[in-house]
Amino acid sequence: QNYPNPFNTNTTIEYSLNEPGRTTLDIYNISGQKLETLIDSYMPSGKHKVDWNANRYPSGVYFYKLDNGNKRESKKMILVK
């Protein structure tokens, strides 16, 4: 999950991978439109984190989608300015 949540422009997304592999982490708005790709590369197994600066987006609900081949998850984030 990301923290803090709700957040004001900056949040940190932490995730753990059980197996290494090509990993993508995408940000979507409430309509399902992809806004950004934060990660698109080979990642080793273990714990990771990435920061997202949402200062150019309006307040609202956003989702991140993590895909590592064997692991897929989506979580909700709330941006409050």
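**An all-strand chain and the loop after strand 1**

In this predicted model, three strands line up in an open sheet in the order 1-2-5, and their pairing is antiparallel. Strand 1 and strand 5, the latter covering residues 46–53, sit at the edges of that sheet, each pairing on one side only. The link between strand 1 and strand 2 is made of two bridges, with the two strands running antiparallel. Looking across from strand 1 to its partner, Asn-2 is found opposite Ile-13, a residue of strand 2.

Stepping back to the whole protein chain, the count comes to seven strands and zero helices. Read from the N terminus, the elements simply go β-β-β-β-β-β-β. The radius of gyration is 12 Å, close to the 12 Å that the globule rule gives for 81 residues, so the protein chain is as compact as a globular protein of that length. Taken along the principal axes, the box filled by the C-alpha atoms is roughly 35 × 25 × 15 Å.

How much of the chain is tucked away from the surface? Buried residues make up 37% of the 81 in the protein chain. As for the accessible surface, it adds up to about 4800 Å², and carbon and sulfur atoms account for 47% of that. Contacts also reach well along the sequence: taking those between residues at least 6 apart, 57% join residues at least 24 apart. Then there are the charges, 11 positive and 8 negative, whose mean positions lie 4 Å apart.

The loop between strand 1 (2–3) and strand 2 (10–17) deserves a look of its own, with Pro-4 as one of its residues. Here the backbone does a few unusual things, given that most residues other than glycine have a negative phi, and most peptide bonds are trans. The peptide bond leading from Tyr-3 into Pro-4 is cis, with omega near -15°. A cis bond also turns up from Asn-5 to Pro-6, this one with omega near 5°. Pro-6, too, belongs to the loop between strand 1 and strand 2.

Further along, Thr-9 shows a positive phi of about 70°, although Thr-9 is not a glycine. Its place is again in the loop between strand 1 and strand 2. That stretch of chain therefore goes against the general pattern, in which most peptide bonds are trans and most residues other than glycine have a negative phi.

Terms used: Residues numbered from 1 in each chain as written. Predicted model: local features only at pLDDT ≥ 70, side-chain atom pairs only at ≥ 80, totals over all residues. Heavy atoms only, no water. Helix = DSSP H or I, 4+ residues; strand = E, 2+ residues; numbered from the N terminus. Rg over C-alpha atoms; globule rule 2.2 N^0.38 Å. Buried < 20%, exposed > 50% of the residue type's maximum accessible area, 1.4 Å probe, protein only. Contact = heavy atoms within 4.5 Å. Areas by Shrake-Rupley, 256 points an atom, 1.4 Å probe, with all protein chains shown as cover. Lys, Arg positive; Asp, Glu negative; His and termini not counted. Charge placed at Lys NZ, Arg CZ, Asp CG, Glu CD. Pairing = 2+ DSSP bridges.
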